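Student: I would like to go through this structure step by step, with a reason behind every answer. Could we begin with the side chains that meet each other and then move on to the helices and strands?

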Amino acid sequence: MDTSNLSCDPPKLHVLVVDDNNIDRKLIQKLLEISSFKVTVVDSGSKALQYLGLDEENTSSRFDDLKVNLIISDYSMPGMTGFELLKKIKNSSTFRDIPVVIMSSENNLTRINRCLEEGAEEYLLKPVKLSDVNRLKESINKSGSQHMGQHEQEQSVPIVQLTFQC
(Lines give C-alpha, C1' and ligand atoms only; values in the text may rest on other atoms or scores of the structure.)
Protein backbone atom coordinates (compact mmCIF):
# COMPACT_ATOMS: atom_id res chain seq x y z
CA MET A 1 0.00 0.00 0.00
CA ASP A 2 1.38 3.40 -0.99
CA THR A 3 1.29 5.68 2.07
CA SER A 4 3.36 8.54 0.61
CA ASN A 5 0.31 10.83 0.45
CA LEU A 6 -0.89 10.04 3.96
CA SER A 7 -0.03 12.56 6.62
CA CYS A 8 0.13 12.07 10.36
CA ASP A 9 -0.24 15.79 10.95
CA PRO A 10 -3.53 16.81 12.55
CA PRO A 11 -5.73 19.06 10.40
CA LYS A 12 -5.00 22.78 10.76
CA LEU A 13 -7.44 24.88 12.73
CA HIS A 14 -9.03 27.53 10.49
CA VAL A 15 -9.11 31.12 11.75
CA LEU A 16 -11.02 34.00 10.17
CA VAL A 17 -9.24 37.30 10.92
CA VAL A 18 -11.17 40.56 10.60
CA ASP A 19 -9.24 43.85 10.79
CA ASP A 20 -9.39 47.05 8.75
CA ASN A 21 -5.72 47.86 9.42
CA ASN A 22 -3.48 46.18 6.84
CA ILE A 23 -0.41 46.07 9.12
CA ASP A 24 -2.34 44.55 12.05
CA ARG A 25 -3.98 42.08 9.66
CA LYS A 26 -0.62 40.93 8.28
CA LEU A 27 0.89 40.66 11.77
CA ILE A 28 -1.89 38.47 13.17
CA GLN A 29 -1.91 36.40 9.96
CA LYS A 30 1.84 35.75 10.26
CA LEU A 31 1.58 34.86 13.96
CA LEU A 32 -1.26 32.43 13.26
CA GLU A 33 0.57 30.83 10.34
CA ILE A 34 3.70 30.39 12.49
CA SER A 35 1.45 28.55 14.96
CA SER A 36 0.18 26.25 12.17
CA PHE A 37 -3.26 27.77 11.72
CA LYS A 38 -5.00 28.01 8.36
CA VAL A 39 -5.83 31.73 8.03
CA THR A 40 -8.40 33.67 6.04
CA VAL A 41 -8.25 37.47 6.32
CA VAL A 42 -10.87 40.09 5.50
CA ASP A 43 -10.80 43.84 6.08
CA SER A 44 -14.30 44.53 7.44
CA GLY A 45 -17.16 43.10 9.44
CA SER A 46 -19.41 43.10 6.37
CA LYS A 47 -16.84 41.08 4.40
CA ALA A 48 -16.62 38.63 7.31
CA LEU A 49 -20.40 38.19 7.18
CA GLN A 50 -20.20 37.70 3.40
CA TYR A 51 -17.49 35.08 3.84
CA LEU A 52 -19.58 33.25 6.43
CA GLY A 53 -22.72 33.59 4.32
CA LEU A 54 -24.50 35.69 6.95
CA ASP A 55 -24.76 38.91 4.95
CA GLU A 56 -28.28 38.31 3.64
CA GLU A 57 -29.83 36.06 6.25
CA ASN A 58 -28.90 34.27 9.47
CA THR A 59 -28.15 30.92 7.84
CA SER A 60 -25.19 29.73 5.84
CA SER A 61 -25.31 27.15 3.09
CA ARG A 62 -21.51 27.46 2.67
CA PHE A 63 -20.70 26.22 6.18
CA ASP A 64 -19.73 22.75 4.91
CA ASP A 65 -16.88 24.37 2.95
CA LEU A 66 -15.78 26.80 5.69
CA LYS A 67 -15.11 24.86 8.87
CA VAL A 68 -13.99 27.98 10.73
CA ASN A 69 -12.71 27.09 14.20
CA LEU A 70 -12.08 30.62 15.48
CA ILE A 71 -12.89 34.20 14.52
CA ILE A 72 -10.56 37.01 15.59
CA SER A 73 -11.86 40.53 15.03
CA ASP A 74 -10.63 44.02 15.68
CA TYR A 75 -13.02 46.05 17.82
CA SER A 76 -12.72 49.46 16.13
CA MET A 77 -13.52 49.26 12.44
CA PRO A 78 -15.48 51.62 10.20
CA GLY A 79 -18.96 50.51 9.19
CA MET A 80 -19.41 47.56 11.54
CA THR A 81 -17.49 47.30 14.80
CA GLY A 82 -16.08 44.03 16.07
CA PHE A 83 -18.72 44.15 18.81
CA GLU A 84 -21.53 44.33 16.22
CA LEU A 85 -19.93 41.44 14.30
CA LEU A 86 -19.69 39.44 17.54
CA LYS A 87 -23.41 39.97 18.21
CA LYS A 88 -24.37 38.85 14.69
CA ILE A 89 -22.23 35.71 14.96
CA LYS A 90 -23.58 34.83 18.40
CA ASN A 91 -27.16 35.33 17.12
CA SER A 92 -26.54 32.88 14.25
CA SER A 93 -27.71 29.33 14.87
CA THR A 94 -24.93 28.08 12.57
CA PHE A 95 -21.98 30.00 14.02
CA ARG A 96 -22.88 30.80 17.64
CA ASP A 97 -20.64 28.04 19.01
CA ILE A 98 -17.55 29.25 17.14
CA PRO A 99 -15.27 31.14 19.55
CA VAL A 100 -14.85 34.82 18.76
CA VAL A 101 -11.87 36.79 20.06
CA ILE A 102 -11.96 40.59 20.04
CA MET A 103 -8.70 42.52 19.81
CA SER A 104 -8.10 46.22 20.35
CA SER A 105 -5.36 48.68 21.16
CA GLU A 106 -7.65 50.27 23.75
CA ASN A 107 -7.64 48.85 27.27
CA ASN A 108 -11.19 49.93 28.09
CA LEU A 109 -12.64 47.84 30.94
CA THR A 110 -16.27 48.66 30.07
CA ARG A 111 -15.69 47.59 26.45
CA ILE A 112 -13.85 44.43 27.52
CA ASN A 113 -16.66 43.41 29.89
CA ARG A 114 -19.33 44.16 27.28
CA CYS A 115 -17.59 41.93 24.72
CA LEU A 116 -17.10 39.09 27.20
CA GLU A 117 -20.73 39.33 28.34
CA GLU A 118 -21.90 39.18 24.72
CA GLY A 119 -20.00 35.92 24.24
CA ALA A 120 -16.42 36.77 23.24
CA GLU A 121 -14.00 34.01 24.17
CA GLU A 122 -11.28 36.50 24.95
CA TYR A 123 -10.25 40.14 24.54
CA LEU A 124 -6.67 40.67 23.37
CA LEU A 125 -4.73 43.91 23.55
CA LYS A 126 -2.79 44.92 20.45
CA PRO A 127 -0.16 44.36 19.43
CA VAL A 128 -1.03 40.68 19.54
CA LYS A 129 1.95 38.53 20.50
CA LEU A 130 2.89 34.95 19.66
CA SER A 131 2.20 34.01 23.31
CA ASP A 132 -1.42 35.24 22.85
CA VAL A 133 -1.83 33.06 19.76
CA ASN A 134 -0.32 30.03 21.51
CA ARG A 135 -2.67 30.53 24.46
CA LEU A 136 -5.65 30.66 22.08
CA LYS A 137 -4.50 27.48 20.35
CA GLU A 138 -4.19 25.67 23.68
CA SER A 139 -7.65 26.87 24.69
CA ILE A 140 -9.21 25.64 21.45
CA ASN A 141 -7.42 22.29 21.64
CA LYS A 142 -8.50 21.76 25.26
CA SER A 143 -12.08 22.71 24.51
CA GLY A 144 -12.19 20.47 21.46
CA SER A 145 -15.69 19.83 20.27
CA GLN A 146 -17.25 22.23 22.78
CA HIS A 147 -16.30 25.08 20.46
CA MET A 148 -17.04 23.39 17.16
CA GLY A 149 -20.26 24.33 15.48
CA GLN A 150 -22.87 21.57 15.80
CA HIS A 151 -22.80 21.07 12.03
CA GLU A 152 -19.05 20.46 12.18
CA GLN A 153 -19.40 18.06 15.12
CA GLU A 154 -21.78 15.90 13.11
CA GLN A 155 -19.20 15.55 10.35
CA SER A 156 -16.00 15.17 12.38
CA VAL A 157 -14.24 11.82 12.54
CA PRO A 158 -12.56 10.80 15.79
CA ILE A 159 -8.79 11.15 15.38
CA VAL A 160 -8.24 7.84 17.20
CA GLN A 161 -9.68 5.99 14.20
CA LEU A 162 -7.27 7.74 11.80
CA THR A 163 -3.97 6.68 13.35
CA PHE A 164 -1.26 5.91 10.80
CA GLN A 165 2.24 4.73 11.53
CA CYS A 166 4.86 7.13 10.15
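Student: Which kind of contact do the side chains of Asp 19 and Lys 126 make?

Tutor: Please keep in mind that we are looking at a predicted model. A side-chain nitrogen of Lys within 4 Å of a carboxyl oxygen of Asp is what the term requires. For Asp 19 and Lys 126 the N to O distance is 2.8 Å, and the contact is therefore a salt bridge.

Student: How many residues apart in sequence are the parts that this pair ties together?

Tutor: Asp 19 belongs to the loop between β1 (14–18) and α1 (22–34), while Lys 126 belongs to the loop between β5 (122–125) and α6 (130–143). Since the two partners sit in these two loops, the pair ties together parts whose separation in sequence is 107 residues.

Student: Are Asp 19 and Lys 126 buried or exposed, and which residues are linked with them in a network of salt bridges?

Tutor: Both Asp 19 and Lys 126 are buried. The network of salt bridges that contains them also takes in two further names, and its members are Asp 19, Lys 126, Asp 24 and Asp 74.

Student: Which residue forms a salt bridge with Lys 129 and also with Arg 135?

Tutor: For Lys 129, the closest N and O atoms of the salt bridge are 3.7 Å apart, and for Arg 135 the corresponding distance is 3.3 Å. Arg 135 and its partner both lie in helix α6, three residues apart, which is about one turn of the helix. The partner in both salt bridges is Asp 132.

Student: Where do Lys 129, Arg 135 and Asp 132 stand on the scale from buried to exposed?

Tutor: The cut-offs matter here, because buried means under 20% relative accessible area and exposed means over 50%, with partly exposed in between. Lys 129, at 47%, is therefore partly exposed, and Arg 135, at 38%, is partly exposed too. Asp 132 has a relative accessibility of 8%, so this residue counts as buried.

Student: Which residues of helix α5 are buried, and on which side of the helix do they lie?

Tutor: Helix α5 covers residues 109–118, and its buried residues are Arg 111, Ile 112 and Cys 115. Around the axis they cover an arc of only 100°, so they lie on the same side of α5.

Student: What do the buried residues of α5 pack against, and which exposed residues does the opposite face carry?

Tutor: The buried residues of α5 pack against α4 (82–90), β4 (100–104) and β5. On the face turned away from this buried side, the exposed residues are Leu 109, Thr 110 and Glu 117.

Student: Which residue reaches the backbone nitrogen of Thr 110 with a side-chain oxygen, and which residue just after α5 takes a positive phi?

Tutor: At the start of α5, the backbone nitrogen of Thr 110 has a side-chain oxygen within 3.0 Å, and that oxygen belongs to Asn 108. Just after α5, a positive phi of about 120° is found at Gly 119.

Student: Why is β1 described as largely enclosed by the rest of the structure?

Tutor: One face of β1 carries His 14, Leu 16 and Val 18, the other carries Val 15 and Val 17, and all of these residues are buried. Strand β1 is largely enclosed because the number of its residues that are buried is five of the five.

Student: Which strands pair with β1, and which residues are opposite His 14 and Val 15?

Tutor: Strand β2 (residues 38–42) runs parallel to β1 and is joined to it by five bridges, with Lys 38 as the bridge partner of His 14. Strand β3 (residues 70–74) also pairs with β1 in the parallel sense, over four bridges. In β3, the residue opposite Val 15 is Leu 70.

Student: Which handedness does the unit of β1, α1 and β2 have?

Tutor: These elements, two strands and a helix, make a β-α-β unit. Its handedness is right-handed.

Student: How many helices and strands does the chain have, and what percentage of its residues is buried?

Tutor: The secondary structure comes to seven helices and five strands, and from the N terminus on the elements run β-α-β-α-α-β-α-β-α-β-α-α. Of the 166 residues in the chain, the buried ones make up 42%.

Notes
Residues are numbered from 1 along each chain as its sequence is written. This is a predicted model: local features need pLDDT of at least 70, side-chain atom pairs count only at pLDDT 80 or more; totals for chains, interfaces and linings use all residues. Side-chain values use heavy atoms; hydrogens and water are left out. Buried means under 20% relative accessible area, exposed over 50%, partly exposed in between (1.4 Å probe, protein chains only). The arc is that of the directions from the helix axis to the C-beta atoms. Contact means heavy atoms within 4.5 Å. A polar contact is a pair of N or O atoms within 3.5 Å; within protein, one must be able to donate a hydrogen and the other to accept it, and residues adjacent in sequence count only if both atoms are side-chain atoms. Two strands pair if DSSP finds at least two bridges between them. A crossover is right-handed if, with the strands pointing away from the viewer, the path from the first strand over the helix to the second runs clockwise.
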